[in-house]
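Trainee: Could you take me slowly through one part of this model, namely the space enclosed inside it, and then say something about its surface as well?

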Amino acid sequence: MNRKSTFILFGSFLVSLLWKGFIVFSERVPFNADEAIVALMAKHILQGERPIFFYGQSYMGSLDAYLIAAGFALFGQHVWVIRLVQALLYLGFLYTLFLVGKEAFDNEKIGVWAVVLSAIPVVNVTLYTTITLGGYGEALLLGNLILLTALRLEKSSSGWLVWGLGFWIGLGVWCNAITLVYSLPAGIFVLVNWFKRRDALFFVEKSALALLGVLLGAFPLWIYAAQHGFFSLLADLLGSPTVSNPYPWIVKIGMYLTWFILFAIPVTWGFRPPWSVDWLVPPLIPFALVAWLAVLVWIYRCLSKPSLQRSHWWLVTGVGWSLMFAYVFTQFSKDPSGRYFLPLYIPLILGAAHFMVRSSVPRWARIVVFASLLTYFIAGNIASALATPPGFTSQLDASTRIERKYDGELIRFLQEQEETRGYTHYWVAYPLAFESNETLIFVPDLPYHLNLSYTPRDNRYEPYNCLVNESQRVAYITTQQTERLNALLRQQFAEKGITWQEKSIGDYLVFYNLSHKITPDELVIQEVAEP
């Protein structure tokens, strides 16, 4: 790279770190239960456990927990260490994004400008590369590595590159199956290039070597399959149905495609945060919309115009087509979460950078488009940071959002009262366990939905159940948002002759000093949903 490109690239890395540092240390990113589970996994890894998947499920591998465990070993067991690991993964994503742009379009400026736009990206990307839900930062990085390796295999048939492509694909399947939306177009791209050689022996040898890489990269999957059965593993990887859909398949496809358009486009373009349907910085949306439409028109022209890079465009945009197919035809269409739309950012941002460098429109128009996107990304991030609470949160349901500034006071109160065991709901249990260094164990056997529906899958770590079951003294922790549950607990305690005390601490409500132990199974307080 020339000196100017190097300066811009590393300046973008610094901006990314500074922005993430600001929103983390100014407490604009609340710590939630999903993150706490990964943190607890990392803590237990340092104690000798070797989990293969996110606690309580047979998908989404534990790679992120192992990386965080390394961070804990170096810097101690703190929430900021979790966020540091995510920030470093994002730097890896930025650098590989630069390499993909450079390799795909034979111009380092395209890679550089893609990184400039991504230093402070759309709010959806900022959120899921700052917090951890178990492997989305790794998925973005591995996705870039899959694309990059596929592109380099067009020029070289190196065995290491072939094996590497398979390894990245296999590792991605274990870490986070969303990487398959990269693997499918990359696999087709490479196989088509090999097939063009008209050399059957070459095709078979390279395919076998790539398959070996897949098997090695996904090695933890085979361990789990040997222990628990392959079909159970496959069902979770593909998204086991949780709610039946009574409509005919053609109606369901139309419905899911509509959901994709309604959910994916606004959050991918940055027009709304993933936790809300409210618009972000409405006065700037028209400018950003025009800019995105210009980028889409440019991508369409590149796809339809015969050129040496046309196949590269199909590879990059294939990520988006694969994601749309996966969303429409699998059970993940039931989740509108922005995390499932993260890969859509890649072809769009590379398209924006390509438009900036290669478009034939006047230079001033290119600068306006680029500046509109850059300004809107930054404004959306600032608006989200200022709107605290909720700040940058992954929780769509407002009833599950908890004001975490009272966690320290809650921990001190429970320790003073010697109430170290008991029952609560999912969004309280695991942050409390991690922040108290596992001195306070409250299992999530209570509902948090306003209709009191509950799924046993909320209870993700069996050893905690044993500790609570062995305790002769328990307390109940709810949150102020679950007032219906609070009323039912009072009613049930009274009917069963139990006396108790209550303490309100911020969003928390503690039922403590119970006259005798009672479990949620003995209370009529919830409607159990399908797991």
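Mentor: What follows looks at the enclosed space first and at the surface afterwards, and please keep in mind throughout that this is a predicted model. Rolling a probe the size of a water molecule over the atoms shows where empty space is left. When the whole structure is searched, one cavity of 30 Å³ or more is found, and the largest cavity holds about 30 Å³ of space. Its lining is made by Pro-121, Val-122 and Val-123, together with Trp-269 and Gly-270, and also by Tyr-376, Phe-377, Gly-380 and Asn-381. Helix 17, which covers residues 363-386, gives the most to this lining, with four residues. If you sort the lining residues by character, six are nonpolar and three are polar, while no charged residue is found there.

Turning to the surface, you will find a nonpolar patch of about 780 Å², to which Leu-211, Leu-215, Phe-219, Trp-222, Ile-223, Phe-230, Phe-231 and Leu-234 belong. Two or more residues of the patch come from each of helix 10 (200-217), helix 11 (219-228) and helix 12 (230-237). Leu-215, one of the patch residues, sits in helix 10, and it counts as partly exposed because its relative accessibility is 38%, which falls between the limits of 20% and 50%. Leu-18, by contrast, is placed in helix 1, residues 3-25, and counts as exposed because its relative accessibility is 56%, a value over 50%. From Leu-18 to Gly-229 there are 211 residues in sequence, and the two C-alpha atoms lie 45 Å apart in space.

Key
Residues are numbered from 1 along each chain as its sequence is written. This is a predicted model: local features need pLDDT of at least 70, side-chain atom pairs count only at pLDDT 80 or more; totals for chains, interfaces and linings use all residues. Side-chain values use heavy atoms; hydrogens and water are left out. Patches are made of residues with over 30% relative accessible area and no salt bridge: like charges are joined within 9 Å, nonpolar side chains (Val, Leu, Ile, Met, Phe, Trp, Tyr) within 5 Å. Accessible areas come from the Shrake-Rupley method with a 1.4 Å probe; for residues, only the protein chains shown count as cover. A salt bridge is a side-chain nitrogen of Lys or Arg within 4 Å of a carboxyl oxygen of Asp or Glu. Buried means under 20% relative accessible area, exposed over 50%, partly exposed in between (1.4 Å probe, protein chains only). On a 1 Å grid over the protein atoms alone, a cavity is a set of points where a 1.4 Å probe fits but cannot get out, and a pocket is an open set with protein on both sides within 12 Å along at least five of seven lines; lining residues have an atom within 4 Å of a point. Grid points are joined across faces, edges and corners, and a volume is the space filled by probe spheres set on the points. Ala, Val, Leu, Ile, Met, Phe, Trp, Tyr, Cys and Pro count as nonpolar, Asp, Glu, Lys and Arg as charged, and the others, Gly among them, as polar.
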